[in-house]
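Let's walk through how some helices pack in this model, and then look at where empty space is left inside.

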Amino acid sequence: MASRIQSIVSGSIGNLVEWYDWYVYSAFSLYFAPAFFPKGNLTAQLLNSAAVFAVGFLMRPLGGWLMGVYADRHGRKAALVVSVLLMCGGSLLIALTPGYEQIGVAAPVLLVLARLLQGLSVGGEYGTSATYLSEMADSKNRGFFSSFQYVTLLGGQLLALSVQLVLQRTLSEAQMYGWGWRVPFVIGAAAALVALYLRRHMDETDSFVKQEQRAETQPQEPGKLEVLLRYPKEILTVVGLTLGGTIVFYTFTTYAQKFLVNTAGFSKAQASWISFVTLAVALVLQPLFGALSDRVGRRPVLLFFGVGATLGTVPLMTLLGRAHSEWAALGLLIIAMIIMSGYTSINAVVKAELFPTAIRALGVGLPYALTVAIFGGSAEYVALQAKQLGVETWFYWYVTFCAALSLLVYWRMPDTQRAGRMES
């Protein structure tokens, strides 16, 4: 048990570092957008940085495929080591790239390259990490332990915002725009080396080891992608599970900070503080909802999210855009976090329970990454475009529609806690 917990902690810390590196981009884009792109109004510059943010998501399906295949063939541990190395390289490249005024168009080109590396890393990280944590957990507490994937994912965002808050209080506005935004990327690259050490000393999962032992006595399997295509219902379920959840997640976490500044009129410092507290609350909620799913099943928890997101998105976003008090904005976002946790806390374990061991990392990672790349990665860009065109409320209804589609999937799917393939 002690070895299992140590491996879960090591894997989770590595996950935290990876997601810190990923979200530092979003947290600090308000400051570095003018450095990488030609001068213009704030919304135009944010649109450029959001477009690059979305480009990073385009690599996530490729990362989900390559890392999923690698993890299913060579082990979860080996794939997690590779993913953290890629993230380290991307962060270091952003930290060291000169601005537009120094090297012209090469600046945004290098920024795109860095995000491609990070997208490849995160695309592989999700499926492999979800598989690793789910396989390491015991059957009675699988929802609880698997929820730590989003504990560390949110922790990465929280850490990014913590660094931002500290820098905002210690550096002037000019210093933040000049060079201060580079500091968190340096921190991320250094922290990745610590994560690398931890991951190299993790245990491999028993499920993978047993699968390898069985494979030695069986005929050679066809290509992993061909094997995955034998599970079309499970693939579509992952897509449906993810669709509404990823859009709601990126709307109320990464985009919410910009929304508070660009629409509600809060200062950058106020928006950072509100986002920090909101994410801290969400982090605490993850294991609570995960443990709840171990008691009542996965499906009721997902249904709670689906109903809440479908009915609550428009009123929450409308009131948030009109909020004049920090406490009012904070309260609205906490309500959003409670609803969102019905998805974030257990979506990884639900997807892992859909597939057998031999194809689990790829089955979780690839369809998830495709869905996130199309819908999650574009959420911020779609929101900013709607604002630019003067139809911002259309975005609220877009999120609602996607959440309703996922609700239909939750309503029709079996409960994977009882009908899943985790033990196979």
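What follows goes through three helix contacts and then a cavity.

A word on ground rules: this is a predicted model, where local features need pLDDT of at least 70, side-chain atom pairs count only at pLDDT 80 or more, and totals for chains, interfaces and linings use all residues. Residues are numbered from 1 along each chain as its sequence is written, and side-chain values use heavy atoms, with hydrogens and water left out.

Start with helix 19 (residues 360-388) and helix 6 (residues 106-136), which pack at about 140° with axes 7 Å apart. Helices here are DSSP runs (H or I, at least four residues), numbered from the N terminus. The axes are lines fitted to C-alpha atoms over the stretch in contact, and angles run from 0 to 180 degrees between N-to-C directions. That angle makes helix 6 oblique to helix 19; under 35 degrees would count as roughly parallel, over 145 as roughly antiparallel, 65 to 115 as roughly perpendicular, and the rest as oblique. The crossing is right-handed, meaning that the near helix is turned clockwise from the far one by less than a right angle. On the helix 6 side, Tyr-126, Gly-127, Ala-130, Thr-131 and Glu-135 meet helix 19 residues Arg-360, Ala-361, Val-364, Gly-365 and Tyr-368, where contact means heavy atoms within 4.5 Å.

Helix 18 (residues 347-354) packs on helix 19 too, at about 125° and with axes 8 Å apart. That makes helix 18 oblique to helix 19, and their crossing is again right-handed. Here Asn-347, Lys-351 and Ala-352 of helix 18 meet Arg-360, Val-364 and Tyr-368 of helix 19.

What is the angle between helix 3 (residues 60-74) and helix 19? About 175°, with the axes 8 Å apart, and that makes helix 3 roughly antiparallel to helix 19. Helix 3 residues in this contact include Arg-60, Trp-65 and Asp-72, and among their helix 19 partners are Arg-360, Tyr-368 and Ala-373.

Now for the gaps. The structure holds three cavities of 30 Å³ or more; on a 1 Å grid over the protein atoms alone, a cavity is a set of points where a 1.4 Å probe fits but cannot get out, and lining residues have an atom within 4 Å of a point. The largest has about 90 Å³ of space, a volume being the space filled by probe spheres set on the points, which are joined across faces, edges and corners. Its lining includes Tyr-23, Gln-157, Thr-254 and Ser-275. Helix 1 (2-36), helix 8 (148-170), helix 14 (254-262) and helix 15 (268-296) each supply at least two lining residues.

How values were computed. On a 1 Å grid over the protein atoms alone, a cavity is a set of points where a 1.4 Å probe fits but cannot get out, and a pocket is an open set with protein on both sides within 12 Å along at least five of seven lines; lining residues have an atom within 4 Å of a point.
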